[in-house]
Amino acid sequence: MTARELDAAGVRDPALRAAYTTCRQLNARHGKTYFLATRLLPVDRRCAVHALYGFARRADDIVDDLGGHASTAQRAAALDALEADWRAASRGGAVRDPVVMAAADTVARYGIAEQHFTDFLASMRADLSVRDYPTYADLRGYMHGSAAVIGLQMVPVLGTVVPREEAEPHAAALGVAFQLTNFLRDVGEDLDRDRVYLPADLLAAHGVDRELLRWSRLTGRRDARITAALAAAAALTREVYREAEPGIAQLQPVSAPCVRAAFVLYSDILRVIEEDGYATVHRRAVVGTGRRASVALSGLVQAVAARRGWRKREAERTRAIGELGVGDGAPGGAR
């Protein structure tokens, strides 16, 4: 975390400053798309986004990458410890984990509902034992905690120009769209972890099951049925993006360019998957550096313009309040 970001966010405590810096480093290392988009936010809001990402990353690392050889029981214990730390921190207790410390501080600053974290941790716990989802409805239940609540956590940080409850369904849908994109991108890697996130009923409609996916992964051979199933999953994901997109205009203008950039970059992952012939059983689709830079530059132009407009409106609002104060007989007004 840069000193400028921490100062703008009003983070003064040295331990908290170090905690937020840890979260920023996690985001920069693992969440390249999110990190790039976060750079488009007003400087005072970046700390909060890094903290929320850091907490999600910490739990995900426990579930997927804890030492590479940890047993399910060890992962469960680590997740229990994370949840215990979270409960303590959210009630004002002292914790050592810097990521938990920063996330709890962000929740307090922005009034984020703690239920979102409860739901998130429940979905992370499901990853310890659930290996597939029979239907899309079952998957949506999982994604409420693993993805939708991430969007809901972000709404208070980003701010809205409509009542918050009006923007929340779109924010939740955007989290789901991003995760569905990840599921499509990571089919092969998830198979290596013995997981299939794409719903079994969608796969079965095209004659695909876990065994066929595993055969394709192990042999490197393509199958038209798999291609058709992944194309159907991509079409479903596009529908969720369409559900989410109206919410961008409901955000405060200074926050919208960040979310728009993330929307475009994640949509680009889906585009690359399609252009690569839905080969994600064998390789991960990657958006090129040039395209990422182009989207970031466009977002930066929008962000700068939005901040200038925001400052102008705030100055006009302050001036109007001052003028009203004079007419009201406020201290210092005309007598």
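# Ring pairs and salt bridges in a helical model

Arg91, with a relative accessibility of 58%, counts as exposed, because exposed means over 50% relative accessible area, buried under 20% and partly exposed in between (1.4 Å probe, protein chains only). You are looking at a predicted model, where local features need pLDDT of at least 70, side-chain atom pairs count only at pLDDT 80 or more, and totals for chains, interfaces and linings use all residues. Residues are numbered from 1 along each chain as its sequence is written, and side-chain values use heavy atoms, with hydrogens and water left out. Welcome to a short tour of two themes: eleven aromatic pairs and 28 salt bridges.

**Aromatic rings**

- Eleven aromatic pairs turn up in a search of the whole structure; rings of Phe, Tyr and Trp (its six-membered ring) pair if their centres lie within 6.5 Å, and planes under 30 degrees apart count as stacked, over 60 as edge-to-face and the rest as tilted.
- One of these pairs joins Phe55 and Trp86, whose ring centres are 5.2 Å apart and whose planes meet at 55°, so the pair is tilted.
- Phe55 belongs to helix H4 (residues 46–65) and Trp86 to helix H5 (residues 72–90), and this pair links distant parts of the chain, 31 residues apart; helices (H or I, at least four residues) are DSSP runs, numbered from the N terminus.
- Both partners have low accessibility values: Phe55 counts as buried because its relative accessibility is 1%, and Trp86 is buried because its relative accessible area is 0%.
- Phe178 and Tyr241 also form a tilted aromatic pair, with 6.3 Å from centre to centre and 55° between the planes.
- Because Phe178 lies in helix H9 (residues 164–185) and Tyr241 in helix H13 (residues 224–244), this pair ties together parts that are 63 residues apart in sequence.
- Are Phe178 and Tyr241 buried or exposed? Phe178 is buried, and so is Tyr241.
- Phe55 and Trp86 return in a wider group, since ring pairs link Phe55, Trp86, Phe117 and Phe120 into a cluster.

**A charge over a ring**

- The charged end of Arg260 sits over the ring of Phe263, at 5.5 Å from the ring centre; the rule asks that NZ of Lys or CZ of Arg be within 6 Å of the ring centre and within 35 degrees of the ring normal.

**Salt bridges**

- How many salt bridges does the count give? The count comes to 28, where a salt bridge is a side-chain nitrogen of Lys or Arg within 4 Å of a carboxyl oxygen of Asp or Glu.
- The side chains of Arg195 and Asp64 meet in one such bridge, with 2.5 Å from N to O.
- Arg195 sits in the loop between H10 and helix H11 (200–204), while Asp64 is in helix H4; the pair links distant parts of the chain, 131 residues apart.
- Arg195 is buried because its relative accessible area is 5%, and Asp64 is buried because its relative accessible area is 16%.
- Arg91, the exposed residue from the opening, forms a salt bridge with Glu114, and the closest N and O atoms are 3.8 Å apart.
- Arg91 lies in the loop between H5 and helix H6 (98–110) and Glu114 in the loop between H6 and helix H7 (115–126), so their bridge ties together parts that are 23 residues apart in sequence.
- Glu114, with a relative accessible area of 29%, is partly exposed.
- Arg238 and Glu274 meet through their side chains in a salt bridge of 3.3 Å, N to O.
- Here the link between distant parts of the chain runs from Arg238 in helix H13 to Glu274 in helix H14 (residues 256–275), 36 residues apart.
- Arg238 counts as partly exposed because its relative accessibility is 26%, and Glu274 is partly exposed because its relative accessible area is 27%.
- Salt bridges can also join up into a network, as they do for Glu5, Arg24, Arg39 and Arg46.

**Helices to revisit**

- Helix H4 holds Phe55 from the pair with Trp86 and also Asp64 from the bridge with Arg195.
- Helix H13 holds Tyr241 from the pair with Phe178 and also Arg238 from the bridge with Glu274.

Note on methods: Helix = DSSP H or I, 4+ residues; strand = E, 2+ residues; numbered from the N terminus.
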